[in-house]
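Got the viewer open? Here is a short tour, one selection at a time.

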Amino acid sequence: MSCETASRNATPPTPAIRPGAESLVARDIAAQIGAGQWHWPGGGKGSAPALGIDPRIPALVPGFDAPFFQAGLAGYSDGAMRIIARRHGCPFCVTEALLDRTLLAGGRGFDKADLGELRDNVPGGAEDNPLACQIMGSEPAEMAASAIKAIEQRTRTDKAYRMMAYRDGPPAATALRLPGGEQLGRFDPTEGLEEAGADTDNWSCSVEEAGDADTSIDPDPTSSTSSLRLSVSSSLSFQVLDVNLACPVKKIEKKSRGGHWLTDPRGAIAILEAVREAVPAHIPCAVKLRRSFDDTPEMVDNFHAIFEACYKIGYAWTTVHARTVEQKYVGPSRWDFLRDLRAKNPDKLILGSGDVWTVDDIFLMIAYAGMTGVSVARGCIGNPWIFRQAREMMAGKPPSQPTIPEQRAVLAEHFRLSLACTRRFRQPEQATAMMMRKFAIRFAAHHPKSDEVRRKFISVSSTAQWRAVLDEHYADAVG
Ligand SMILES: Cc1cc2nc3c(=O)[nH]c(=O)nc-3n(C[C@H](O)[C@H](O)[C@H](O)COP(=O)(O)O)c2cc1C
C-alpha cells in the first residue's frame with residue numbers, strides 16, 4: 001500500500017477539538033444545505049436551481065453535487081469500495097496515494113513491481129466517476145510526468161512518460177520501495193529508452209496501439225448467475241489530479257514526499273508548479289495537506305506559505321487534514337484550526353478532514369469550520385451508509401440505519417467487486433478474503449451480535465466461507 005498501513009485503521013475515534021460546536025444541530029444544518037439555503041463562504045447563497053453544495057464545485061467537477069466525498073484510504077479505497085460508496089450516495093472519490101515512480105515504472109500493462117495497487121486505482125468503469133487520482137513523490141519532473149500518465153491513462157508509450165520525467169538525463173537506477181521501506185524491485189529509468197531509437201531530446205510521442213484494450217471482467221467466477229461486469233476502459237480517466245502533501249510515512253533515502261514537504265515550502269511549491277503546468281488546463285488540480293508538520297511556529301508558517309501558493313499556482317482546492325504530520329492518525333484533529341483558516345480565507349474552496357466518524361460530523365464540520373466540503377475517511381470504512389444518511393438528512397429526513405438484509409446485500413456485493421479488483425492475483429479469492437476481513441471488522445459493528453460476527457469474518461479465506469458467514473448471521477435476507 002502506498003501511504004498508510006492497515007494498523008492505523010485500528011486507531012480509536014477521538015473527538016475533534018471544536019469548542020462551541022455543542023450548540024450546533026447537524027439535522028438543521030443538513031436540511032438547510034439540502035434546500036439550497038446554506039451560505040457557502042465565497043460561493044454565494046445557493047443558486048437556481050438550488051444546490052446542496054458550493055456551486056463552484058460542480059462547475060469544476062460535474063457530478064460532484066453534495067458537500068462530502070470519500071477520502072483516499074491506502075489499502076481500502078479501491079474500485080470496489082468506491083463503487084459501493086457511490087451506490088450509497090457518495091458523489092466523488094479519491095484514489096489512495098500512488099507513488100510517482102511506481103506509476104512511471106509501470107512498464108507494459110503496469111505489470112512490474114507492486115502494480116496491483118495501480119490496478120486497484122484505475123477508474124473502475126462508468127460507475128466510478130467522478131474520481132481524483134492522487135499522486136505523491138519527490139521530484140517535480142517525475143511528479144509531472146506521472147500526473148500526465150495518470151490523466152492520459154497511458155495513451156503514450158511508457159517510454160514517452162519516462163522521457164518527460166528525465167529529459168535532463170535519467171538518474172541512476174534505484175530501489176523501488178513502498179513508503180514503509182519495503183523494496184519492490186529496481187527502478188531503472190533508462191530501461192526501454194534505447195528501443196525504437198529513442199531520442200531523449202525528442203518529446204514527440206507515439207500512441208500505443210493497445211491503449212484502448214477493454215479489460216471487462218466477470219468479477220465473480222464462482223457464480224454462474226452473476227451479471228455484474230466491471231469495465232475498466234482506457235477511455236475513462238480521472239476528473240481531478242490530487243497532489244499528496246500529507247502522508248506521514250517517513251522519508252525514504254533522505255527524500256521528502258507526502259507530508260514531509262511541509263518542512264520545505266520551496267520544494268513543495270516546485271512540485272505543485274510542475275504538476276499544475278503539466279496537467280491539461282481543463283483538469284482541476286487539488287492538494288491534500290496536513291495542518292502543519294508539527295506545532296512549532298516555523299512549521300505553521302510553512303503550512304500557510306504552501307497553502308497560499310496552492311491557489312496562486314492555480315489549484316482549485318485544498319483538503320486540509322486537521323492533524324499534524326507528527327500526529328499521524330492519533331489524537332484529536334483541530335477543527336478550530338480549520339475555522340481560523342476559513343476566517344482568514346473567506347473565498348477559497350477548502351475541504352476539511354479529520355475526525356469525521358458519523359454523519360452528524362459531516363454537517364458539524366461544515367457549520368463549525370466553514371468548510372466547502374468534508375472528506376469522509378475512517379468513518380466510511382465498512383459504513384457506506386454514512387453517505388446515504390447524509391443524503392437523507394439533506395432531504396430533511398432522519399438518517400436510516402442499515403437493516404440486516406441491506407447489510408447482507410452490501411457485504412455480498414463488496415466481496416464480488418473486490419474479487420474483480422484482485423482478479424489477476426495468483427490466488428484472487430484469498431487476496432479478496434484478506435482485503436475483506438479489514439472491512440468486515442467495521443461492517444460487523446452494525447450487527448446486533450457484532451463481536452461474534454467479527455470473529456467469524458476474521459477467519460474467512462474463501463468465497464464459500466464468506467457466504468457461510470452471511471448465511472449464518474445475515475440469513476433473513478435474499479441474495
Ligand atoms: C489506513 C489509512 C490510509 C490512508 N491513506 C490515505 C491516502 O492514500 N491518501 C490520503 O490523502 N489520505 C490518506 N489517509 C488519510 C485520510 O484520508 C484522512 O485524511 C485521515 O484519516 C483523517 O480523517 P479521519 O480522522 O476522519 O479518519 C489515510 C488514512 C488511513 C487511516
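pLDDT is the predictor's confidence in each residue, on a scale from 0 to 100. You're looking at a predicted model, so colour it by that score before anything else. The chain averages a pLDDT of 82, and 76% of the residues score at least 70.

Now pick out the weak spots. Select residues 107-116: pLDDT stays under 50 here, and the model has 27 contacts for this stretch beyond four places in sequence. Next, select residues 193-235, where pLDDT also stays under 50 and the contacts beyond four places in sequence come to 75. Don't lean on those contacts, because predicted coordinates should not be read in detail where pLDDT is low.

On to the empty space inside. There are 4 cavities of 30 Å³ or more. Head for the second largest, with a volume of about 90 Å³. Which residues should you show as sticks to find its centre? Phe69, Val94, Asp242, Lys288 and Thr319 are the closest to it, out of 15 lining residues. Then show the strands around it: strand 5 (131-136), strand 8 (240-245), strand 9 (285-292) and strand 10 (317-324) each give two or more residues to the lining. Colour the lining by class and you get 9 nonpolar, 4 polar and 2 charged residues.

Last stop: Gln427. Find it in the loop between helix 13 (404-421) and helix 14 (428-443). Is Gln427 buried or exposed? Its relative accessible area is 51%, and the cut-off for exposed is over 50%, so Gln427 counts as exposed. Finish by drawing a distance from its C-alpha atom to that of Ser462: the two are 35 residues apart along the chain and separated by 9.9 Å.

Note on methods
Residues are numbered from 1 along each chain as its sequence is written. This is a predicted model: local features need pLDDT of at least 70, side-chain atom pairs count only at pLDDT 80 or more; totals for chains, interfaces and linings use all residues. Side-chain values use heavy atoms; hydrogens and water are left out. Helices (H or I, at least four residues) and strands (E, at least two) are DSSP runs, numbered from the N terminus. Buried means under 20% relative accessible area, exposed over 50%, partly exposed in between (1.4 Å probe, protein chains only). On a 1 Å grid over the protein atoms alone, a cavity is a set of points where a 1.4 Å probe fits but cannot get out, and a pocket is an open set with protein on both sides within 12 Å along at least five of seven lines; lining residues have an atom within 4 Å of a point. Grid points are joined across faces, edges and corners, and a volume is the space filled by probe spheres set on the points. Ala, Val, Leu, Ile, Met, Phe, Trp, Tyr, Cys and Pro count as nonpolar, Asp, Glu, Lys and Arg as charged, and the others, Gly among them, as polar. Contact means heavy atoms within 4.5 Å.
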